[in-house]
Amino acid sequence: MAHRTDPTAIPGALKHFDSLPDSANVRQPVVQALYCCSSATVWRMVKRGTIPAPRKLSERVTAWNVGELRKALAS
């Protein structure tokens, strides 16, 4: 049986978002939870410039910088 994560579980990075350094990176589920929106809405917001664009950390890993997200949330 394949291991599945609980979709209602809160990611650890979200639980401790306030204590993460500005240089940390978070993945899309954390961004979705911060903005209470869907995956599609996250990408629409990136396209509009409402939230910062993510960085490609590797071929299969895309993440957002915590410091940039904090600035966007504050404005």
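This passage walks through the fold of the protein, its sheet, a pair of helices and two residues.

The model is a predicted one. Start with the overall layout: the protein has 4 helices and 3 strands, and reading from the N terminus the elements come in the order α-β-α-α-β-β-α. Out of 75 residues, 27% count as buried. As for how the chain folds back on itself, take the contacts between residues at least 6 apart in sequence: 45% of these link residues at least 24 apart.

Next comes the sheet. It is open and built from 3 strands, ordered E1-E3-E2, with antiparallel pairing. Strand E1 (25-26) and strand E2 (55-58) sit at the edges, each of them pairing on one side only. The pairing of E2 with E3 is antiparallel and runs over 3 bridges. Those two strands, E2 and E3, make a hairpin, with 2 residues between them. Across from Val61 in E3 stands Ser58. Helix H4 (residues 66-74) packs on this sheet and touches E1, E2 and E3; the direction of H4 makes about 50° with that of E3.

Away from the sheet, there is a helix pair to look at. Two packed helices are described by the angle between their axes and the distance between the axes. For helix H2 (residues 28-35) and helix H3 (residues 39-48), the axes come within 9 Å and cross at roughly 85°. With that crossing angle, H2 counts as roughly perpendicular to H3. On the H2 side, the contact is made by Gln28, Val31, Gln32 and Tyr35, while H3 brings in Ser39, Val42, Trp43 and Met45. Sorted by class, this H2 contact with H3 comes to 5 nonpolar and 3 polar residues, with no charged ones.

Two residues round out the picture, beginning with Asn65. Asn65 belongs to strand E3 (residues 61-65). Its relative accessible area is 11%, so Asn65 is buried. The side chain of Asn65 has polar atoms lying 2.9 Å from the backbone nitrogen of Gly67 and 2.9 Å from the backbone nitrogen of Glu68. Setting aside neighbours within four places in sequence, Asn65 is also in contact with Asp22, Ser23, Ala24, Asn25 and Arg55.

The other residue is Arg70, which is placed in helix H4. With a relative accessible area of 22%, Arg70 counts as partly exposed, because buried would mean under 20%. Leaving out residues up to four places away in sequence, Arg70 touches Phe17, Asp18, Ser19, Leu20, Pro21 and Asp22. Phe17 is 53 residues from Arg70 along the chain, yet the C-alpha atoms of the two are separated by 9.5 Å. Asp22 turns up in both neighbourhoods, being in contact with Asn65 and touched by Arg70.

Methods. Residues are numbered from 1 along each chain as its sequence is written. This is a predicted model: local features need pLDDT of at least 70, side-chain atom pairs count only at pLDDT 80 or more; totals for chains, interfaces and linings use all residues. Side-chain values use heavy atoms; hydrogens and water are left out. Axes are lines fitted to C-alpha atoms, for helices over the stretch in contact, and angles run from 0 to 180 degrees between N-to-C directions. Angles under 35 degrees count as roughly parallel, over 145 as roughly antiparallel, 65 to 115 as roughly perpendicular and the rest as oblique. Contact means heavy atoms within 4.5 Å. Ala, Val, Leu, Ile, Met, Phe, Trp, Tyr, Cys and Pro count as nonpolar, Asp, Glu, Lys and Arg as charged, and the others, Gly among them, as polar. Buried means under 20% relative accessible area, exposed over 50%, partly exposed in between (1.4 Å probe, protein chains only). A polar contact is a pair of N or O atoms within 3.5 Å; within protein, one must be able to donate a hydrogen and the other to accept it, and residues adjacent in sequence count only if both atoms are side-chain atoms. Two strands pair if DSSP finds at least two bridges between them.
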